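Trainee: I would like a close look at the aromatic rings of this model and at the part of the fold that surrounds them. Please take me through it step by step, in one connected account.

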Amino acid sequence: MTIDKTSLALSFKRANSVMNRSLNRIEQPELTLDIHYWGFMPQHFDNTEHKHSFFEACYVLTGHGSYWEGPNHYALSPGTLFLSKPGVLHSIKSDEGLSLSYVAFEPELSACSELYQQAFGMLAKQGTPVIQESLSQPPGMLWNSLISLFHHDMAYPPLALQSTALSLILSILVAHGPKLHMDSVDTEMNEEGASIVYQAELFIKDNLSEPLPLQRVANHLHITSRHLTRLFSKYGHQSFVHYVQEQRVQKAKSLLLNSDRQIKEIALICGFESVHYFTRVFTAKLGVTPARFRRSQFTEGRFDSNL
């Protein structure tokens, strides 16, 4: 990737001004971050060994050099991410100069959920200092996205800057930190199964007037009919057949109460193959025929289709 150093310097100047003036804190329901400073430096050479009480995450756009943590030495090149953790002595060396972007931040632990308290605690203790060839990874892409907002002299809404900055810092947490234990594999599978059943239910409700064999719904969801049967048993709290019948009956109840359509017509609209089958299923579910249900509800002045 070719970078125009003149335009990059202008972008960095705008980014330094705007980000340090307007984005010093990010507050979300589960996470609050204090941002001490943003840095966009066209040429960074050597600095002396030092340490911080906070995190400082850096990204190399151009140039080569090295990052030192005590006796440990890491090569820096375009696309490298490196993270200085709280209390860790470090320094940067470069003969030719590095084009760097960086952010210094720390979580306000009292305003963070337990998940983020643990995640940042693990990042401070076990975080990977340097990640090479990160241009195609989320932090590198987000750094470039953030910088691109300042390529032209345009004012972006603060929410756009904050959203990009938050995504960037969270991507740094994931890239450098130990694997986040946000959900177990079982939980992820459970969520996927429940989502498939929800999609099946929506499809059924939207197509009640048509035949709805198990295979048709399974094909719509690109799964096997056997798998859909298992999912309904686990997450639907009733069988597939019973769910379809119940939705047909619920729709029929609503039409009986809120329309003057003939019972034969309602049976067809709700997907029953005949008025006789409709009457049999409806009566089995509610203990009363469709005609008697309609008469009794109007006689008693009740119009709630969920009765």
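How many aromatic pairs does the count come to, if ring centres must lie within 6.5 Å?

Mentor: The model is a predicted one, and in it the count comes to 16 aromatic pairs. Take the pair of Phe 40 and Trp 143 to begin with: the ring centres are 6.2 Å apart and the planes stand at 80°, and because an angle over 60 degrees counts as edge-to-face, this pair belongs to that class. It links distant parts of the chain, since Phe 40 sits in strand E2 and Trp 143 in helix H3, 103 residues apart. Phe 40 has a relative accessible area of 3%, and because buried means under 20%, it counts as buried; Trp 143 is buried as well, with a value of 0%. A further pair, Phe 55 with Phe 120, is tilted, with 6.1 Å from centre to centre and 50° between the planes. This pair, too, links distant parts of the chain, with Phe 55 in strand E3 and Phe 120 in helix H2, 65 residues apart, and both Phe 55 and Phe 120 are buried.

The strands that carry Phe 40 and Phe 55 lead us to the sheet. It is an open sheet of six strands in the order E1-E2-E8-E3-E6-E9, with antiparallel pairing, and its edge strands are E1 and E9 (130-131), each of which pairs on one side only. At one edge, E1 (residues 25-27) is joined to E2 (residues 32-44) by three bridges, with Glu 27 standing opposite Thr 32, and these two strands form a hairpin with four residues between them. E2 is also joined to E8 (residues 98-107), by nine antiparallel bridges, and there His 44 has Leu 98 as its bridge partner. At the other edge, two bridges join E6 to E9, where Leu 81 stands opposite Ile 131.

The helices that carry Phe 120 and Trp 143 both meet this sheet. H2 packs on it, touching E2, E3, E6 and E8, and its direction makes about 65° with that of E3. H3 lies across E2, E3, E6 and E8, and it runs at about 75° to E3.

From here we come to the nonpolar core. The largest one has 37 residues, and Met 19, Trp 38, Phe 40, Phe 105, Phe 120, Trp 143 and Leu 146 are those with the most contacts inside it, so several of the rings discussed above return here. Among the elements that each supply at least two residues to this core are E2, E3, E8, H2 and H3, while H4 gives the most, with seven residues. Leu 146 shows how the contacts run: not counting residues up to four places away in sequence, it touches Met 19, Trp 38, Phe 40, Thr 164 and Leu 168. Apart from this core lies another, of 18 residues, among them Phe 203, Leu 212, Ala 218 and Val 244.

Ala 218 is also one of the buried residues of helix H6, together with Val 217 and Leu 221; they cover an arc of only 100° around the axis, which puts them on the same side of H6. Just after H6, His 222 takes a positive phi of about 60°, and at 73% relative accessibility this residue counts as exposed.

To return to the rings, Phe 272, Tyr 277, Phe 278, Phe 282 and Phe 293 are linked by ring pairs into a cluster.

Terms used:
Residues numbered from 1 in each chain as written. Predicted model: local features only at pLDDT ≥ 70, side-chain atom pairs only at ≥ 80, totals over all residues. Heavy atoms only, no water. Buried < 20%, exposed > 50% of the residue type's maximum accessible area, 1.4 Å probe, protein only. Pairing = 2+ DSSP bridges. Core = buried A, V, L, I, M, F, W, Y, C linked by side-chain atoms within 4.5 Å. Contact = heavy atoms within 4.5 Å. Axes fitted to C-alpha atoms, helices over the stretch in contact; angles between N-to-C directions. Arc of directions from axis to C-beta. Phe/Tyr/Trp six-rings, centres within 6.5 Å; stacked < 30°, edge-to-face > 60°.
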